[in-house]
Amino acid sequence: MGFSIVNIVYFELLRHGYQVNIGKLGNTEVDFVARNQNAYTYFQVTADMTGDETFAREMRPLESIQLQRY
């Protein structure tokens with residue numbers, strides 16, 4: 001089910017005009033880095049994030065992103 005959800009999110013982002021990439025930072029991965037004009041939005045997609053280990057694993061890449069201010 002998780003793979004299907006990832007595909008749905010990917011195609012919805014494309015449908016709404018985003019440029020979509022996968023983000024890698026060391027051994028971690030952000031599922032989608034979506035760009036629309038000059039704004040970036042980061043997405044993690046999972047079917048179930050209720051477990052503490054899953055939550056930590058999914059949040060780790062997002063927490064390590066260093067945002068730039070313009």
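This is a chat about the sheet, core and one helix of a predicted model.

User: Anything to know before I start?

Analyst: The model is predicted, so local features need pLDDT of at least 70 and side-chain atom pairs count only at pLDDT 80 or more, while totals for chains, interfaces and linings use all residues. Residues are numbered from 1 along each chain as its sequence is written, and side-chain values use heavy atoms, leaving out hydrogens and water.

User: Cool. What order do the strands of the sheet have?

Analyst: The order is 1-2-3 in an open sheet with antiparallel pairing. Strands here are DSSP E runs of at least two residues, and helices are H or I runs of at least four, numbered from the N terminus. Two strands pair if DSSP finds at least two bridges between them.

User: And which strands are at the edges?

Analyst: Strand 1 (19-25) and strand 3 (39-43), each pairing on one side only.

User: How many bridges join strand 1 and strand 2?

Analyst: 6 bridges, with strand 2 covering residues 28-36. Leu 25 sits opposite Thr 28 of strand 2.

User: New topic: which residues make up the largest nonpolar core?

Analyst: Leu 13, Val 20, Phe 32, Ala 34 and Val 45. A nonpolar core is a set of buried Ala, Val, Leu, Ile, Met, Phe, Trp, Tyr and Cys residues joined through side-chain atoms within 4.5 Å. Buried means under 20% relative accessible area, exposed over 50%, and partly exposed in between (1.4 Å probe, protein chains only).

User: Is Thr 54 buried or exposed?

Analyst: Thr 54 is buried, at a relative accessible area of 19%. Thr 54 belongs to helix 2.
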